[in-house]
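Grab a pencil and open the viewer. Below are a few exercises, each with a solution worked out step by step.

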Amino acid sequence: MEMSLRPLLSVFVLGLVSTPSTLAQDDPRYTKFLTQHYDAKPKGRDARYCESMMRRRGLTSPCKEVNTFIHGNKGSIKAICGANGSPYGENLRISQSPFQITTCKHTGGSPRPPCRYRASAGFRHVVIACENGLPVHFDESFISL
């Protein structure tokens, strides 16, 4: 009987080892980070882009003051939490290589839609907070507007 349990036990242990990384991909804070700050292939990087993206991503009720979109691939952004990042301040990491970004800044007026934004396109290092090896927060204070 002991021999027949061994394969089952190894499958169970293997499942425990592989589950955390699968669950991490579904982490709600990582998903929210991607929704708010990730756009692989932007179409234009002007005020129209900002107004459209902010609305599409649900960042306009109320109008979010500042939001930055990182353009690149998810793997290179995740790598800031590891090999492509260095400690920065308290609990933050700065990318070792620059990323193409678009920062959208609310132009003022009412905090209710329709929200109007000014866009700044750039190429710079980004600062993020990581949890379980995944980006969960973008530090807007690092971006000069």
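**Exercise 1. Find out where histidine 106 sits, whether it is buried or exposed, and what it touches.**

Step 1: Histidine 106 is found in strand S4. Helices (H or I, at least four residues) and strands (E, at least two) are DSSP runs, numbered from the N terminus.

Step 2: A quick word on what you're looking at: this is a predicted model, where local features need pLDDT of at least 70 and side-chain atom pairs count only at pLDDT 80 or more, while totals for chains, interfaces and linings use all residues. Residues are numbered from 1 along each chain as its sequence is written, and side-chain values use heavy atoms, with hydrogens and water left out.

Step 3: With a relative accessible area of 5%, histidine 106 is buried. Buried means under 20% relative accessible area, exposed over 50%, and partly exposed in between (1.4 Å probe, protein chains only).

Step 4: Skip residues up to four places away in sequence, and histidine 106 touches Cys63, Lys64, Glu65, Cys115, Arg116 and Tyr117. Contact here means heavy atoms within 4.5 Å.

**Exercise 2. Which residues does UniProt list for "binding site"? Describe glutamate 65 as well.**

Step 1: The unreviewed UniProt entry lists Glu65 and His106 for "binding site". Such positions are given in the numbering used here, feature names are shortened, and annotations may be inferred rather than shown by experiment.

Step 2: These residues spread over 42 residues of sequence, yet they cluster in space, with a largest C-alpha distance of 4.9 Å.

Step 3: Look for glutamate 65 in the loop between helix H3 (47-56) and strand S1 (66-71). Its relative accessibility is 46%, so glutamate 65 counts as partly exposed.

Step 4: Leaving aside neighbours within four places in sequence, glutamate 65 is in contact with Cys104, Lys105, His106 and Tyr117.

**Exercise 3. Work out the order of the strands in the sheet that holds S1, S4 and S5.**

Step 1: This open sheet of three strands runs S1-S4-S5, with antiparallel pairing. Two strands pair if DSSP finds at least two bridges between them.

Step 2: S1 and strand S5 (117-124) are the edge strands, each pairing on one side only.

Step 3: On average, neighbouring strands of this sheet are turned by 20° against each other, direction ignored. For angles, axes are lines fitted to C-alpha atoms, for helices over the stretch in contact, and angles run from 0 to 180 degrees between N-to-C directions.

Step 4: Now zoom in on S1 and S4, which pair in the antiparallel sense over six bridges. Valine 66 stands opposite lysine 105 in S4.

Step 5: H3 packs on the sheet and touches S1, S4 and S5, its direction making about 100° with that of S5.

Step 6: Threonine 103 also lies in strand S4 (residues 99-106). Threonine 103 is buried, at a relative accessible area of 1%, and a polar contact of 3.0 Å joins its side chain to that of threonine 68. (A polar contact is a pair of N or O atoms within 3.5 Å; within protein, one must be able to donate a hydrogen and the other to accept it, and residues adjacent in sequence count only if both atoms are side-chain atoms.)

**Exercise 4. How many aromatic pairs does a search of the whole structure find?**

Step 1: The search finds one aromatic pair. Rings of Phe, Tyr and Trp (its six-membered ring) pair if their centres lie within 6.5 Å; planes under 30 degrees apart count as stacked, over 60 as edge-to-face and the rest as tilted.

Step 2: Tyrosine 49 and phenylalanine 69 form the pair, which is edge-to-face at 5.9 Å centre to centre and 75° between the planes.

Step 3: Tyrosine 49 lies in helix H3 and phenylalanine 69 in strand S1, so the pair ties together parts 20 residues apart in sequence. Both residues, tyrosine 49 and phenylalanine 69, are buried.

**Exercise 5. Which strands stand at the edges of the four-stranded sheet?**

Step 1: The order in this open sheet is S2-S3-S6-S7, with antiparallel pairing.

Step 2: Strand S2 (85-88) and strand S7 (134-138) stand at the edges with a single partner strand each, so one side of each is left without a neighbour in the sheet.

Step 3: S2 and S3 form a hairpin with three residues between them, and glycine 89 in the turn has a positive phi of about 60°.
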